[in-house]
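Hello,

Here is the structure we talked about handing over. Please open it first, then read the notes below.

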Amino acid sequence: MKAYDRLHSGEIYDPMDNEIFEEQLRYLELLYDYNQTRPSELDRRACLLREMLAEVGENCYIEPPFHANWGGHHVHLGKQVYANFGLTCVDDTHIYVGDYTLFGPNVVLAAANHPFLPELRNKGYQYNLPVSIGKGCWLGAGVVVVPGVTIGDYAVIGAGSVVTRDIPPGVLAAGVPCRALRELDERDRIYYHRGRKIDWEALQEL
């Protein structure tokens, strides 16, 4: 099996293989262009995202700077995904993000990993496991998601969490390592923050 064929197989491979590096470089050039755009160049940013990423739904936006090993080439976004400044996608294999998901500043989605054995790491070897984020999720500032993790629909991940295992849908989860604290329930329809009530009538006027 060629090194390139191992990218999405979960098998150990050499990421500096010439065939891999040449294609990777093309997308990194596009990523460089994206990060050099001016704030007023929204249409250009949208065009570059469509060219860079594997899939982009309608009304997606990533605040520069955006960092990605493959320039986002293996990143799949649903519709209306928003990422604040400093999103890092270690996208050596596929990263899936569902509709309406939000990322706070400096979130890391890492799909690449290295073997524990020093002899293999000394050769620069790695392996990749896909990351999947469901629809309607919110990952707070500084969240790190490690390779192979799935986060269920509508989950909220607290700022600074390190997600090392799958998170079920519809929960508030936080910590290092991250774990579910409670299910999202009826009180979340009443309060949006520490006793602050949601004014549904006022929201209808927005």
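The expected span of a helix is 1.5 Å times one less than its number of residues. Helix 1 (residues 18-35) has 18 residues, so 26 Å is the span to expect, and its end C-alpha atoms are indeed 26 Å apart. Bear in mind throughout that this is a predicted model.

Helix 1

At the start of helix 1, Asp17 makes a polar contact: one of its side-chain oxygens comes to within 3.1 Å of the backbone nitrogen of Glu19. The buried residues of helix 1 are Ile20, Glu23, Gln24, Tyr27, Leu30, Leu31 and Tyr34. An α-helix has 3.6 residues a turn, so residues three or four places apart point the same way. What do the buried residues of helix 1 pack against? Their partners are helix 2 (42-52), strand 2 (61-62) and strand 3 (67-68).

Strands 18 and 19

Strand 18 (residues 171-174) pairs with strand 19 in the antiparallel sense, over 4 bridges. One of the residues involved is Val171, whose bridge partner in strand 19 is Glu183. The hairpin has 4 residues between the two strands. Gly175 has a positive phi there, near 115 degrees. Strand 19 (residues 179-183) is hardly covered: of its 5 residues, the count that is buried is 0.

Cysteines

How many disulfides does the structure hold? The number is 0. A disulfide would need two cysteine sulfur atoms within 2.5 Å. For Cys60, the closest cysteine sulfur is that of Cys89, 12 Å away, so the distance is too far for a bond. For Cys137, the closest is that of Cys178, at 11 Å, again too far for a bond. Both Cys60 and Cys137 are under the 20% cut-off for buried. Cys60 counts as buried because its relative accessibility is 12%. Cys137 is buried too, with a relative accessible area of 1%.

His74

His74 sits in the loop between strand 3 and strand 4 (75-77). Is this histidine, His74, buried or exposed? His74 is buried, at 4% relative accessible area. A polar atom of the His74 side chain lies 2.8 Å from the backbone oxygen of Asp91. Asp91 is also among the contacts of His74 beyond four places in sequence. The others are Leu7, His8, Ala54, Asp92, Thr93, His94 and Ile95.

Over to you.

Key. Residues are numbered from 1 along each chain as its sequence is written. This is a predicted model: local features need pLDDT of at least 70, side-chain atom pairs count only at pLDDT 80 or more; totals for chains, interfaces and linings use all residues. Side-chain values use heavy atoms; hydrogens and water are left out. Buried means under 20% relative accessible area, exposed over 50%, partly exposed in between (1.4 Å probe, protein chains only). Contact means heavy atoms within 4.5 Å. A polar contact is a pair of N or O atoms within 3.5 Å; within protein, one must be able to donate a hydrogen and the other to accept it, and residues adjacent in sequence count only if both atoms are side-chain atoms. Two strands pair if DSSP finds at least two bridges between them.
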